[in-house]
Amino acid sequence: MRLAFSDEGPGPVVVLLHGFPIGRMMWKDQFSAIGAMYRVIAPDLLGHGDSPAPDGQYSIDGMADDVIELLDTLGLAEPVVVGGLSMGGYVALSIIARYPERVRALMLMDTRATSDTPEAAAKRGELAEAVARAGNPGPAIEVMLPRFFSKSTEEYRPDLVVGMRKMMERNSARGVVGTLHALATRPDRTELLGSIRVPTLVLVGEHDAITPPEDSMAMADAIPGARLEVIPAAGHLAPYENPTVSNGVILRFLEELEP
Ligand code: MLT
């Protein structure tokens, strides 16, 4: 699978994986701040942004395979820092579970290790049907967007909400439907957490309503030596909503990795 991607900056590689149903441009503030010192590689995952959106049912493991294929294509065989937000975090966990030798450090942002409950998976199925019927991502946007942001972002940064809607509207019904299947069928990775042996940053917006801080606390408790950072004035999209604090936290974590 040939993914569209951005590749910006010098230095050690940091891979950033976006959430659903967004795209790599959610990392725009990370390209500038982190990309000043690190090589930030951010793909559009399968079904998103400028990447192919074939018909059919996707899987989180398949998305992880695509990311590894991209790194191979770029000649990056050495371990890299892998960070992901929400769905991107599910993909990051799949990478460390299945390609541990490719991961130098992990950043889990506004995400969780658990799988969908049967009720949540059934709702994804209904949403996929609604998106297929509409022929556009609208129904998914109307479900996701109102839950993404903190109250302060909605009040003081409506431009971020508008920008996010535009990013979401760029995705196709096919891509959204395929991805909903991937989300609904993702494996539970809770058991994996205790075996993670790379430095790990767990970052979460204090008002995250989709993957609440308790999920992050549980992950950070289970991963040996993991660091938990709660980002103020942010909901589910902490690095996008509060890039100043998030980038500071990420840069400190990355600096500590260097010899
Ligand atoms: C995301 O932001 O990627 C989604 O909220 C993930 C999910 O719905 O599980």
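# Cavity, pocket and side-chain contacts

About 50 Å³ of space lies in the largest cavity. The model is predicted. The structure holds one cavity of 30 Å³ or more. The largest pocket has a volume of about 550 Å³. Two aromatic pairs and 16 salt bridges are also found.

**Largest cavity**

- The lining consists of Ile60, Tyr90, Leu93, Arg112, Ala113, Thr114, Arg186, Pro187 and Arg189.
- By class, five of these lining residues are nonpolar, one is polar and three are charged.
- Two residues of this lining, Tyr90 and Arg186, also meet in a contact between charge and ring.
- The charged end of Arg186 sits over the Tyr90 ring, 4.0 Å from the ring centre.

**Largest pocket**

- The largest pocket is lined by 29 residues.
- Closest to the pocket centre are Arg112, Asp116, Ala120, Arg124 and Arg147.
- Arg112 is also named in the lining of the largest cavity.
- Four elements give two or more residues to the pocket lining: α3 (87-98), α4 (118-134), α5 and α8 (173-184).
- Helix α4 supplies the largest share, six residues.
- The pocket lining divides into 15 nonpolar, six polar and eight charged residues.

**Arg186 and Asp116**

- Arg186 forms a salt bridge with Asp116, and the closest N and O atoms are 2.7 Å apart.
- Arg186 lies in the loop between α8 and α9 (190-193), and Asp116 in the loop between β5 (103-109) and α4, so the pair ties together parts that are 70 residues apart in sequence.
- Are these partners buried or exposed? Both Arg186 and Asp116 are buried.
- Arg186 thus appears in three settings: the cavity lining, the contact with the Tyr90 ring and the salt bridge to Asp116.

**Other salt bridges**

- Asp7 pairs with Arg39, with 2.8 Å between the closest N and O atoms.
- Asp7 is in strand β1 (residues 5-8) and Arg39 in strand β3 (residues 39-43), so this bridge ties together parts that are 32 residues apart in sequence.
- Asp7 counts as partly exposed because its relative accessibility is 31%.
- Arg39 is also partly exposed, at 22% relative accessibility.
- Glu142 and Arg165 meet through their side chains in a salt bridge of 3.1 Å, N to O.
- This pair links distant parts of the chain, with Glu142 in helix α5 and Arg165 in helix α7 (residues 158-169), 23 residues apart.
- Glu142 is partly exposed, with a relative accessible area of 46%.
- Arg165 counts as partly exposed too, at 30% relative accessibility.
- Arg24, Asp44, Asp50 and Arg170 are joined into one network by salt bridges that share partners.

**Aromatic pairs**

- The structure holds two aromatic pairs.
- Phe148 and Phe149 pair edge-to-face, 6.3 Å centre to centre and with 85° between the planes.
- Phe148 and Phe149 are both buried.
- Why does the pair of Phe149 and Tyr240 count as tilted? The planes are at 45°, so the pair is tilted, and the centres are 6.2 Å apart. Tilted pairs fall between the cut-offs of 30 and 60 degrees.
- Phe149 lies in the loop between α5 (138-148) and α6 (151-156) and Tyr240 in helix α11 (residues 238-241), so the pair ties together parts that are 91 residues apart in sequence.
- Phe149 counts as buried because its relative accessibility is 7%.
- Tyr240 is buried as well, at 2% relative accessibility.
- Phe148, Phe149 and Tyr240 form one aromatic cluster.

Key
Residues are numbered from 1 along each chain as its sequence is written. This is a predicted model: local features need pLDDT of at least 70, side-chain atom pairs count only at pLDDT 80 or more; totals for chains, interfaces and linings use all residues. Side-chain values use heavy atoms; hydrogens and water are left out. Rings of Phe, Tyr and Trp (its six-membered ring) pair if their centres lie within 6.5 Å; planes under 30 degrees apart count as stacked, over 60 as edge-to-face and the rest as tilted. Buried means under 20% relative accessible area, exposed over 50%, partly exposed in between (1.4 Å probe, protein chains only). A charge sits over a ring if NZ of Lys or CZ of Arg is within 6 Å of the ring centre and within 35 degrees of the ring normal. On a 1 Å grid over the protein atoms alone, a cavity is a set of points where a 1.4 Å probe fits but cannot get out, and a pocket is an open set with protein on both sides within 12 Å along at least five of seven lines; lining residues have an atom within 4 Å of a point. Grid points are joined across faces, edges and corners, and a volume is the space filled by probe spheres set on the points. Ala, Val, Leu, Ile, Met, Phe, Trp, Tyr, Cys and Pro count as nonpolar, Asp, Glu, Lys and Arg as charged, and the others, Gly among them, as polar. A salt bridge is a side-chain nitrogen of Lys or Arg within 4 Å of a carboxyl oxygen of Asp or Glu.
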